[in-house]
Every structure is written in structure tokens, then in C-alpha cells.
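Welcome, and please take a moment to look over the sequence and the 3D structure before reading on. The notes below go through a few spots worth finding for yourself.

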Amino acid sequence: MKKQIAILGSTGSIGTQALQVIEEHPDLYEAYVLTANNRVDELIAQARKFQPEAVVIANKSKYPPLKEALSDLPTKVYAGEEALCQIVQEKPVDIVLTAMVGYAGLKPTINAIRARKTIALANKETLVVAGDLINDLARVNGTPILPVDSEHSAVFQCLAGEVGNPIEKVILTASGGPFRTYTHEQLATVTKEQALHHPTWNMGAKITIDSASMMNKGFEVIEAKWLFGVRPEQIEVVVHPQSVIHSMVQFEDGAIKAQLGMPDMRLPIQYAFSYPDRVRSSFPRLDFATCSALTFERPDTTRFRNLALAYEALHRGGNLPCIINAANEICVHAFLTDRVSFLGMSDVIEKTLTRVPFIAKPTYEDYVQTDAEARRVAEEILTNRG
């Protein structure tokens with residue numbers, strides 16, 4: 001039986017690569033649902049090629065052209081956030097790949113967990129915002145959460161066969177982004193065009209900016225706590241510019257296991273789809289003859305304050321990670337629209353953390369209210385800065 005895959009965010013970087021995995025293994029996987037936020041033309045092309053059971057466009061204004069373009073196909077067409085949350089519960093769906101960007105991925109992921117669908121998690125904000133809630137829901141419903149981020153997939157693969165062997169620490173690698181060697185003075189004047197030019201990975205705009213500011217790594221630190229049950233002090237970040245070692249695990253005897261490979265997101269996507277099995281792929285292989293050096297550095301949390309802010313939010317817990325995520329989403333959009341400088345993003349995030357009320361044990365409703373309030377406060381700070 002083919003595994004039926006629902007791809008939330010099929011037109012983004014992760015979604016399009018997931019479709020390449022499905023295309024390579026038509027005997028194993030089938031796209032059952034494809035969803036997008038605004039990219040209606042890309043969604044139409046994907047629907048015509050893969051002919052899923054259903055497609056969903058979150059932006060309702062895009063529904064008429066989508067419906068018209070697919071009128072000759074049996075594919076069902078839906079629109080709106082509620083449809084997105086409902087479609088993941090469809091009975092035939094085996095795996096839900098959450099490849100949406102940002103806070104918007106939280107509610108459909110919760111619905112998919114409650115429907116006991118296997119979660120291939122690429123939307124890191126889900127665990128950043130509400131890790132405690134998500135873990136509780138997954139435990140109660142017996143729902144597997146399989147990491148798709150290259151770093152967390154690497155840790156997950158390193159832990160295979162290590163049941164009962166205590167982890168001393170998780171070591172997450174970071175490329176360092178395009179500004180790894182920049183001074184503080186240079187960072188003050190970098191442009192969005194420079195920030196969008198990542199040295200090793202091809203990603204969407206939001207995650208590329210997060211990588212440049214190291215907020216992406218901060219989010220991955222928070223994710224690691226919930227995925228692997230480790231304490232904040234057990235999570236270490238090391239800068240590894242070559243992006244060959246995707247992450248490592250150190251055990252209590254001092255041994256370190258690492259997962260290596262080309263910087264290609266199709267490998268962790270396929271592993272999440274095939275787990276616990278591995279299946280053949282045509283993806284490029286790592287050639288050690290051309291890999292002359294692997295280097296490592298400590299991250300600089302003075303120049304890249306977002307990483308320090310993420311650690312602070314993780315240590316204090318409660319709704320602080322939710323606040324930092326919301327403020328960051330506002331700041332990244334502001335940076336991409338020339339409303340704030342690269343270093344200014346950290347200033348706004350830090351101020352937002354101090355102005356939104358702290359909640360030690362938030363409910364889902366608290367997360368919703370915190371997200372809205374943090375966005376309002378961040379926008380207010382941005383406006384007053386101007």
C-alpha cells in the first residue's frame with residue numbers, strides 16, 4: 001500500500017522537494033493533499049502533475065482561479081484556514097508533512113496529531129511556540145513526530161539503536177550563514193539581498209533570514225528540548241561552515257555519533273517518509289576526496305544576539321518562546337520590507353520579550369493571545385523606532 005501524504009506548504013522549498021521524493025518513489029508514496037497559502041499558479045501546476053485527492057489554498061481570494069483551473073480534474077478544491085485544519089484529518093492520510101512557514105502551522109498540526117496522523121515535522125515554529133502542549137497531545141494520542149529539519153533528523157538518526165543509552169549532550173551544527181565572519185560594524189549595514197544569499201542551503205526567504213541572524217538555530221535549540229527530552233544545558237551549538245555534519249550526539253561514555261551527508265533536504269524528508277526503513281535514492285553522495293576540510297567554531301552570541309535570546313526563552317520557558325517567535329516573524333517581514341536594520345531585529349525582539357506578560361503554564365488559548373499581543377507590541381516598537 002502506498003503511503004498517502006498530505007503536504008502543508010507544497011509550493012515552498014520543503015514542499016517542492018517532498019514532491020521530488022514522491023516522484024522518485026511512485027510505488028511507495030502518493031500526494032493525497034497539497035496546500036499553499038498564496039502561490040496559486042504553482043499549486044495549480046502541482047495539482048495537474050500529481051493529481052491529489054484535494055488541494056487547499058489558505059487565501060480565500062485565490063479560490064476562484066484555482067477552482068476554475070482544476071475544473072476538469074476530479075481533485076477537490078477548498079479554501080481557507082479552517083479547510084486546512086480539517087483536511088489533515090481525512091481518513092486515508094497516513095503522513096502529514098508540516099512544511100508551512102511560521103505560527104500558521106500550529107493549529108493544523110494539532111488537528112493532525114488529534115487525528116493520529118504521523119507528523120513529519122518541518123514547521124519548527126510548532127514546537128517553538130507550544131512544545132509542551134504538542135508533546136502532551138502526541139503522547140495522549142500515540143502520534144509519532146518525525147523531525148524533518150536536517151539537524152534534528154541527524155540527531156534522530158544518531159539515536160537509532162541507542163534506546164536506554166543516556167544522552168550527555170546534543171550538538172547542533174550551524175553553517176554560520178552569510179555573515180559568519182562579519183564584524184559588528186559590518187552587520188550594522190548589511191542588506192536583505194546579502195542576507196538572502198545563503199552559502200550552502202537553498203531555502204525560502206523567511207528561514208534564510210533566520211539563518212543569517214542565527215534565530216533559526218535558536219529555534220532549533222528549543223525544538224531539540226521537546227523532540228529529544230534534553231535540558232537546555234545539554235544542547236550545544238557549533239558552527240560548521242561546510243554543512244557536511246548535520247548534527248551529533250554525545251553519550252555518557254564520551255562517544256560521539258554524527259550524521260553526515262550532502263546539504264540536501266530530500267534525504268531527511270525521505271527518511272521521515274520511510275522510517276524506520278531506508279530506501280534507495282538518486283540524491284548526490286558525499287565524496288570525501290573532494291571534502292578536504294571540516295572546520296568548527298563556537299557561535300558568537302554577541303554579534304548574533306538572537307541565539308542568546310532563544311536560549312534565554314528556553315531556560316525561562318512558559319510563553320516566552322511563543323513571544324520570541326511572534327516578534328521574530330514581525331521583524332523578518334520588517335527587514336525584508338526595509339523597515340528595520342539587521343541588528344535592529346534583535347533590539348525589537350528583546351524589547352518585546354520584556355513587554356508581553358509572562359505566563360508560566362500557558363494553555364492553547366494563552367498561546368493564541370500571546371502570539372497576537374507579541375505581534376502588536378513588536379509592531380508598536382517598530383513604529384516608534386521610525
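In this predicted model, helices α11 and α14 run roughly antiparallel to each other. The reason lies in their angle: the axes cross at roughly 155°, and an angle over 145 degrees counts as roughly antiparallel, so the pair earns that description. After this helix pair come a few single residues, grouped by topic.

**The helix pair**

- Helix α11 covers residues 215-228 and helix α14 covers residues 320-336, and their axes come within 12 Å.
- Two packed helices are described by the angle between their axes and the distance between the axes.
- The crossing of α11 and α14 is left-handed.
- Which residues meet here? From α11 come M215, F219 and I222, and from α14 come P321, I324, N325 and N328.
- Sorted by class, this contact has five nonpolar residues, two polar ones and no charged ones.

**Two residues in strands**

- Try finding K3 in strand β1, which spans residues 3-8.
- Is K3 buried, partly exposed or exposed? K3 is partly exposed, because its relative accessible area of 26% falls between the limits of 20% and 50%.
- The side chain of K3 reaches the backbone oxygen of F273 at a distance of 2.6 Å.
- Leaving out neighbours within four places in sequence, K3 is in contact with F273, S274 and Y275, and also with L28, Y29, E30, D94 and I95.
- K3 and V93 are 90 residues apart in sequence, while their C-alpha atoms are 7.8 Å apart in space.
- Moving along the chain, you will find Q250 in strand β10, residues 245-251.
- Q250 has a relative accessible area of 12%, and since buried means under 20%, Q250 counts as buried.
- Which side chain makes a polar contact with that of Q250? The partner is E168, and the contact is 2.6 Å long.
- Not counting residues up to four places away in sequence, Q250 touches I167, E168 and K169 as well as A255 and I256.

**A buried residue in a helix**

- S346 sits in helix α15, which runs over residues 344-355.
- With a relative accessible area of 8%, S346 is under the 20% limit and is therefore buried.
- Setting aside neighbours within four places in sequence, S346 is in contact with R305, N306 and L309.

**Backbone details in loops**

- Where is Q51? Look in the loop between α2 (40-50) and β3 (54-57).
- Q51 is not a glycine, and its phi is positive, near 45°.
- The relative accessible area of Q51 is 47%, so Q51 is partly exposed.
- R116 lies in the loop between α5 (106-114) and β6 (118-121).
- R116 is not a glycine either, and its phi is positive at about 60°.
- Is R116 buried or exposed? R116 counts as exposed, because its relative accessibility of 56% is over 50%.
- Y275, one of the residues in contact with K3, is joined to P276 by a cis peptide bond with omega at about 5°.
- P276 belongs to the loop between α12 (266-274) and α13 (305-316).

Conventions. Residues are numbered from 1 along each chain as its sequence is written. This is a predicted model: local features need pLDDT of at least 70, side-chain atom pairs count only at pLDDT 80 or more; totals for chains, interfaces and linings use all residues. Side-chain values use heavy atoms; hydrogens and water are left out. Helices (H or I, at least four residues) and strands (E, at least two) are DSSP runs, numbered from the N terminus. Buried means under 20% relative accessible area, exposed over 50%, partly exposed in between (1.4 Å probe, protein chains only). A polar contact is a pair of N or O atoms within 3.5 Å; within protein, one must be able to donate a hydrogen and the other to accept it, and residues adjacent in sequence count only if both atoms are side-chain atoms. Contact means heavy atoms within 4.5 Å. Axes are lines fitted to C-alpha atoms, for helices over the stretch in contact, and angles run from 0 to 180 degrees between N-to-C directions. Angles under 35 degrees count as roughly parallel, over 145 as roughly antiparallel, 65 to 115 as roughly perpendicular and the rest as oblique. A crossing is left-handed if the near helix is turned anticlockwise from the far one by less than a right angle, and right-handed if clockwise. Ala, Val, Leu, Ile, Met, Phe, Trp, Tyr, Cys and Pro count as nonpolar, Asp, Glu, Lys and Arg as charged, and the others, Gly among them, as polar.
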